[in-house]
Amino acid sequence: NSMYVTVAALILRPVLLVLFTVMGLVYAISYPFAKAAGNEQETYQSLLGDTIDYTFHRPMGRGAPFE
């Protein structure tokens, strides 16, 4: 649907880029604690990995908000 692609391109992707930056900062702050606890991979996946997949790898106009 062209409406979904337009919304994804003009609204969702820019918001997700900002969210990616914020989550990167949160990950940088929480990394020493995650390293000490031994779960840095899970922390990375939940904070950055899912955000990267949703922002950069999901096809335009598809995914959670549209289905």
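A residue is called buried when its relative accessible area is under 20%, exposed when that value is over 50%, and partly exposed in between. With these terms in hand, the reader can follow the structure shown above, which is a predicted model.

A convenient starting point is Lys35, which has a relative accessible area of 47% and therefore counts as partly exposed. Lys35 forms a salt bridge with Glu40, and the closest N and O atoms of this pair are 3.9 Å apart. Glu40 is likewise described as partly exposed, because its relative accessibility is 24%. The structure holds one salt bridge.

From Glu40 the path leads into helix H2, which covers residues 40-57. Although a straight helix of 18 residues would span 26 Å at 1.5 Å a residue, the end C-alpha atoms of H2 are separated by only 22 Å. Helix H2 also bends, by about 40°, and the bend lies at Ser46. Which residues of H2 are buried? They are Thr43, Leu47, Leu48, Gly49, Thr51 and Thr55, and the buried residues of H2 pack against helix H1, which runs over residues 2-37.

The last stop is a part of the surface. Here Leu10, Ile11 and Val15 form a nonpolar patch, and together these residues have about 320 Å² of accessible area. Val15 belongs to helix H1, and because its relative accessibility is 52%, Val15 counts as exposed.

Terms used
Residues numbered from 1 in each chain as written. Predicted model: local features only at pLDDT ≥ 70, side-chain atom pairs only at ≥ 80, totals over all residues. Heavy atoms only, no water. Helix = DSSP H or I, 4+ residues; strand = E, 2+ residues; numbered from the N terminus. Expected span 1.5 Å × (residues − 1). Bend = angle between axes of the 7 residues up to and from the residue. Buried < 20%, exposed > 50% of the residue type's maximum accessible area, 1.4 Å probe, protein only. Contact = heavy atoms within 4.5 Å. Patch = residues over 30% accessible without salt bridge, like charges linked within 9 Å, V, L, I, M, F, W, Y side chains within 5 Å. Areas by Shrake-Rupley, 256 points an atom, 1.4 Å probe, with all protein chains shown as cover. Salt bridge = Lys/Arg side-chain N within 4 Å of Asp/Glu carboxyl O.
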